[in-house]
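Q: Please take a close look at a single residue of this complex and describe its surroundings. Then work outward from that residue to the rest of the assembly.

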Amino acid sequence: MGPPVFLQAIEDTGFSTWLRESESPFAFYFILLFHTFGLALLVGANAVVDLRLLGVAQAIPIAPLKRLFKIMWIGFTMNALTGVLLVLAYPTKTLTNWDFYAKLTIIGFAVWVMQKLKNQVFEDASLTDVDRMARGASLAKWSLVLWFAAITAGRLLAYTYKYLTYPS
Amino acid sequence: MNFAHLHLLLNHFPIIGTIVGLGLFLVSLPGKNEDLRRASLIIFPTMALIAIMTFFSGVGAQGAIKKDPGVSEALIERHQGAAMLAMVFMEITGALSLVALWKAQGKARPASWNRSLSAVLLFSVVTVLLMARVGTTGGDIRHPEIVSGQAERADATGISRMVRAFEPSPGRVAELMTTSKWWWAFMMDMHFVGLALLIGAVGILDLRMLGFAKQIPISSVHRLLPWAMLGFAINLITGVLAFTGMDQYYTYDWAFWLKMLAILLLGLNAAAFYLTDAFHSVENLGPGDDAPPLAKFIAATSLFLWFAVITLGRYIQSFADTITVHK
């Protein structure tokens, strides 16, 4: 029993084929590039908040770092959109790869931790930095671990797939 | 692109530049001359950056001459092995110099002698000696007038033979990098982790200088820079290792060289930040304060160039085999 036929149906569409096979610099690599930008914004901004909550660069006041969550959501949206396009380009390769589901699961947890951290640490304007660090240190640690795992899972996609395209 | 020419152009810097740097460092000692010491601590990381580009260009230079009669593959390999060893010490010297510079900033009186400076002295001396060896072994490849018959024999003197034992065999290094796809995946993984750390830390500094989140004092986000440098260091190491694993692939790729150019420009941009009054003009800005135009320009250039680096890096795969061999 091979992969589900609907995967081949997606691959055979004009759009999917164009994304995969076009020589245009605006096809697959362009989308992958914006996926990397999104990662840089999302994980970069999140890493700065996490590191601060863990005690790095204590001269930085914590409250204004709330602005960084906007950047994180821009990055996340960029990656969700480009991610969908990447799956459309290589549906069989992605959806038959266990690593892809691991990646989505880890990202799910990472975003959940990110929201929890925002609520616990940043919602109450009256908290001192010491309070915020106490509330956020554990979540910050998990956030770093989960994003590291997410990047790893994503990076390994290129090395763990079974089919590049639907087996003929 | 004439790689042989590029290599000959660049190789002067890591060999002679490090001698100049060490010279300035030593001269600064008796009079405790802070300016000379600082100059040498700036020269070392600059040479470290150029040394990497020099190393990369060597592969193309090798491609250009290896088919010539009278050129010995063994001599090229010896030179490349010597270059690899020297590069390790060069990069460590550059990193230690940046640490020493970081420690010295903001101090009113000259920094007294400390462990970082001792480490810089030690590693820079070793680097200069190893670079001299790289130069000599390189000259042996194509300068018959300096080869006195010693080159072909197993290295005569004891020290030479001892150093030789530490020089890696380029072929073996390449093999090591590419034997396991999981090792390669791990290096690429760390390359992305490094980039996230780098963009996060540098990005927030640049964005603050451009006016984002003005409640944060600039000097405080500036303290994140060591983390950005950690990200850069991770990427430098994984990048150089990846290059040694697949040197032909990267050498003949326009995107790769443009990426290296962008990194060199970033070095220039950083130098501009610290050597002009841009840094001092923003150092003491408090919440709500606006950065002056020069600082904003430098910040914008930094952001643009780092995203250019990501873009070019991503397009390496797409631009494979885009450089034709100049012969």
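A: In this predicted model, Ala201(B) touches Val48(A) in the partner chain, together with Leu224(B), Leu225(B), Trp227(B), Ala228(B) and Gly231(B) of chain B, when residues up to four places away in sequence are left out. Ala201(B) also belongs to the largest nonpolar core, a set of 109 residues, where Ala86(B), Ala196(B) and Ala201(B) are the members with the most contacts inside the core. Helix H8 of chain B, residues 181-209, supplies the largest share of this core, 14 residues. The core is not confined to one domain of chain B, for at least three of its residues come from each of domain 1 (1-168) and domain 2 (173-327).

Another residue of helix H8 of chain B is Leu205(B). This leucine counts as buried because 25 other C-beta atoms lie within 10 Å, against a threshold of 20 or more. Leaving out residues up to four places away in sequence, Leu205(B) touches Val221(B), His222(B), Leu224(B) and Leu225(B). Leu224(B) and Leu225(B) are also among the residues touched by Ala201(B). For the pair Leu205(B) and His222(B), which stand 17 residues apart along the chain, the C-alpha atoms are separated by 6.2 Å.

The contact of Ala201(B) with Val48(A) leads to the interface between the chains. There, 27 residues of chain A are in contact with 30 residues of chain B. On the chain A side, helix H3 (28-53) and helix H7 (129-160) each contribute at least two residues. The largest share of that side comes from H3(A), with 13 residues. The composition of the chain A side is 22 nonpolar, three polar and two charged residues.

Within chain B there is a further contact, between its two domains. Chain B is divided into domain 1, residues 1-168, and domain 2, residues 173-327. Taken over C-alpha atoms, the domain centres are separated by 23 Å. Domain 1 of chain B brings 15 residues to the contact and domain 2 of chain B brings 14. On the domain 1 side, helix H3 (34-65) and helix H4 (73-104) of chain B each provide at least two residues. H3(B) gives the most to that side, with eight residues. By class, the domain 1 side holds eleven nonpolar and four polar residues, and no charged ones.

The fold of chain B as a whole is helical, with 14 helices and zero strands. Its radius of gyration is 21 Å, close to the 20 Å that the globule rule gives for 327 residues, so chain B is as compact as a globular protein of that length. Along the principal axes, the C-alpha trace of chain B spans about 70 × 55 × 35 Å. Of the 327 residues in chain B, 40% are buried. Among contacts in chain B with a separation of 6 or more, 80% are between residues 24 or more positions apart.

Chain A likewise has zero strands, and its helices number seven. Its C-alpha atoms fill a box of roughly 60 × 35 × 20 Å along the principal axes. Of the 168 residues of chain A, 38% count as buried. Considering contacts in chain A between residues at least 6 apart in sequence, 83% join residues at least 24 apart.

Helix H6 of chain A, residues 98-122, illustrates the packing within that chain. H6(A) has 25 residues and reaches 36 Å from its first C-alpha to its last, close to the 36 Å expected at 1.5 Å a residue. Its buried residues include Phe100(A), Ile106(A), Ile107(A), Ala110(A), Met114(A) and Phe122(A), and Lys103(A) is also one of them. The buried residues of H6(A) pack against H3, helix H4 (68-89), helix H5 (91-95) and H7 of chain A. Two of these partners, H3 and H7 of chain A, also each supply at least two residues of the side that touches chain B.

Returning to Ala201(B), the picture is of a residue with some of the most contacts inside the largest nonpolar core, and one that touches Val48(A).

Conventions. Residues numbered from 1 in each chain as written. Chains lettered and ligands numbered in written order. Predicted model: local features only at pLDDT ≥ 70, side-chain atom pairs only at ≥ 80, totals over all residues. Contact = placed C-beta atoms within 7 Å. Helix = DSSP H or I, 4+ residues; strand = E, 2+ residues; numbered from the N terminus. Nonpolar A, V, L, I, M, F, W, Y, C, P; charged D, E, K, R; others polar. Domains from an automatic or database assignment. Buried ≥ 20, exposed ≤ 12 C-beta atoms within 10 Å, placed from the backbone. Core = buried A, V, L, I, M, F, W, Y, C linked by C-beta atoms within 7 Å. Expected span 1.5 Å × (residues − 1). Rg over C-alpha atoms; globule rule 2.2 N^0.38 Å.
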